[in-house]
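User: I have a chain that I would like to go through with you piece by piece. Could you take my questions as they come?

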Amino acid sequence: MKRVYVGPKEITIENTYFFDYSVTLFGDNSEKNVSYKVNNLDNVLEFEYWNPDSNKREIKIYNELLKNITEPFEIMAHDYKIVSQCEIPSNAKLICKNKDELIKLFNNKTETRNLFKGIIPMLEYTYVLGSEFNYDKLSPEGKTLVVQHPLGSGGSKTYLCKKETEKSVKEKLLENETYAISTYLEDNIPYNIHCVIGDKDYEIFPPSMQELDVIDKIEYIGSFYDIKIEKEVKQKFIDYTTKICLKLQEMGYRGVLGIDYIYANNELYFIEINPRFQGSTRQLDKILIENNLPSLFEYNYLAFNGKKLKSTKDLKNS
């Protein structure tokens with residue numbers, strides 16, 4: 001049976017031969033890809049595909065594109081939460097599925113932080129309704145605040161607030177929604193790390209340093225894998241990520257996920273879990289294949305089928 005990747009960008013799978021075909025928002029509409037919009041140098045994203053407010057439109061586009069495949073096929077989703085809401089054709093099967101309640105839990109930053117509170121280091125958060133947001137009360141020392149909705153990825157719905165921007169930030173907040181408020185740590189280093197969880201084992205892959213656009217909000221731009229990590233920090237990655245993987249494994253989660261951390265004040269702080277492939281998956285795939293290891297998508301497939309995961313212990317920073 002043919003394997004089909006469904007996700008935002010065809011370029012995400014350019015380093016793997018795991019798929020026979022892809023359905024994407026952006027691609028080249030070649031023999032092995034059907035896309036909503038063709039890639040070119042002048043191409044501009046018409047909507048924030050990482051923003052949950054755009055999910056309905058993304059699902060509608062996938063529904064139309066999936067109809068173009070007439071032979072039997074299996075779908076592996078970049079983000080199961082989104083693709084599971086699509087109208088899957090009768091000749092297709094969505095594979096590598098976690099329970100909906102687990103996906104919902106890990107997509108909620110507040111719920112996830114509560115799950116690991118006291119187990120791994122994290123920032124101090126205050127929770128307030130959008131209607132009750134008051135900069136002076138939340139930051140009596142006048143420090144910059146991070147204001148974050150529990151849903152959203154890639155920086156969507158995460159705002160930076162200073163005294164002079166309080167009005168503009170508050171205009172963006174939903175009155176009856178709860179936001180997590182934390183103090184912005186200057187000179188922090190943001191990291192993301194991939195993991196794959198199987199029935200009896202798990203693999204922790206090399207972390208990447210994230211490039212973020214930090215102006216009025218914190219927005220993901222890209223990632224770097226060619227980085228130096230001090231021995232002490234590397235050990236924190238191993239210790240904290242191992243605790244997360246074992247907990248998720250116990251809860252029944254399988255397959256790929258990403259974890260965001262920031263390093264500041266000589267500590268590695270847990271930020272969130274992303275129960276899906278990441279923006280840096282393409283780069284990691286290239287590293288894995290160059291080291292004669294399976295692609296991340298194959299690791300994901302093996303994890304869901306009870307197969308032993310090939311060790312990555314010899315990879316730099318793995």
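User: Is Asn-274 buried or exposed?
Analyst: This is a predicted model. In it, Asn-274 counts as buried, because its relative accessibility is 6% and the cut-off for buried is under 20%.

User: Where does Asn-274 lie?
Analyst: Asn-274 is part of strand β15, which covers residues 267-274.

User: With which side chain does the side chain of Asn-274 make a polar contact?
Analyst: The partner is the side chain of Gln-278, at 3.1 Å. Leaving aside residues up to four places away in sequence, Asn-274 also touches Asn-192, Leu-257, Gly-258 and Asp-260.

User: Turning to helix α8, which of its residues are buried?
Analyst: Helix α8 spans residues 281-290, and its buried residues are Thr-281, Leu-284, Asp-285 and Leu-288. Viewed down the axis of α8, these buried residues fall within an arc of 105°, so they line one face of the helix.

User: What covers the buried residues of α8?
Analyst: The cover includes β10 (189-197) and α9 (296-304).

User: And which residue with a positive phi follows α8?
Analyst: That is Asn-292, with a phi near 60°. Most residues other than glycine have a negative phi.

User: What is the phi of Asn-29, and where is Asn-29 found?
Analyst: Asn-29 has a positive phi, near 50°, and is a residue other than glycine. Asn-29 sits in the loop between β2 (21-27) and β3 (33-38). With a relative accessible area of 36%, Asn-29 is partly exposed.

User: How about Asp-187, buried or exposed?
Analyst: Asp-187 counts as exposed because its relative accessibility is 74%, and the cut-off for exposed is over 50%. The loop that holds Asp-187 runs between β9 (178-183) and β10. The phi of Asp-187 is positive as well, near 60°.

User: Since β10 has come up again, how many bridges join β10 to β12?
Analyst: There are 2 bridges between β10 and strand β12 (residues 208-214), and the two strands run antiparallel. One pairing to look for is Tyr-191, whose bridge partner in β12 is Met-209.

User: What joins β12 to β13?
Analyst: A hairpin makes that connection, through 3 residues. Strand β13 covers residues 218-224, runs antiparallel to β12 and is joined to β12 by 6 bridges. Across this pair, Leu-212 stands opposite Tyr-220 in β13.

User: Now β1, please. In which sense do β1 and β2 pair, parallel or antiparallel?
Analyst: The pairing of β1 and β2 is parallel, over 5 bridges. Within this pair, Val-4 stands opposite Tyr-21 in β2.

User: How many bridges join β1 to β4?
Analyst: Strand β1 (residues 2-9) is joined to strand β4 (residues 73-77) by 5 bridges, and these strands run parallel. Val-6 has Ala-77 as its bridge partner in β4.

User: A change of topic: where is the place of Gly-252?
Analyst: Gly-252 is in the loop between α7 (231-251) and β14 (255-264). Gly-252 is partly exposed, with a relative accessible area of 35%.

User: What does Gly-252 touch?
Analyst: Gly-252 touches Asn-98 and Leu-102, when residues up to four places away in sequence are not counted. In addition, the C-alpha atoms of Gly-252 and Asp-199 are 8.4 Å apart, although 53 residues separate the two in sequence.

User: Let us finish with the chain as a whole. How many helices and strands does it have?
Analyst: The chain has 9 helices and 15 strands. Of its 318 residues, 56% count as buried.

User: How does the radius of gyration of the chain stand against that of a compact globule, and what box do the C-alpha atoms fill?
Analyst: A compact globule of 318 residues would have a radius of gyration near 20 Å, and the chain agrees with this at 20 Å. Taken along the principal axes, the C-alpha atoms fill a box of roughly 60 × 40 × 40 Å.

User: What share of the contacts joins residues at least 24 apart in sequence?
Analyst: The share is 58%, among contacts between residues at least 6 apart in sequence.

User: And how much area does the chain expose?
Analyst: The chain exposes about 16100 Å², of which carbon and sulfur atoms supply 47%.

Notes: Residues are numbered from 1 along each chain as its sequence is written. This is a predicted model: local features need pLDDT of at least 70, side-chain atom pairs count only at pLDDT 80 or more; totals for chains, interfaces and linings use all residues. Side-chain values use heavy atoms; hydrogens and water are left out. Buried means under 20% relative accessible area, exposed over 50%, partly exposed in between (1.4 Å probe, protein chains only). Helices (H or I, at least four residues) and strands (E, at least two) are DSSP runs, numbered from the N terminus. The arc is that of the directions from the helix axis to the C-beta atoms. Contact means heavy atoms within 4.5 Å. A polar contact is a pair of N or O atoms within 3.5 Å; within protein, one must be able to donate a hydrogen and the other to accept it, and residues adjacent in sequence count only if both atoms are side-chain atoms. Two strands pair if DSSP finds at least two bridges between them. The radius of gyration is taken over C-alpha atoms; the globule rule is 2.2 Å times the number of residues to the power 0.38. Accessible areas come from the Shrake-Rupley method with a 1.4 Å probe; for residues, only the protein chains shown count as cover.
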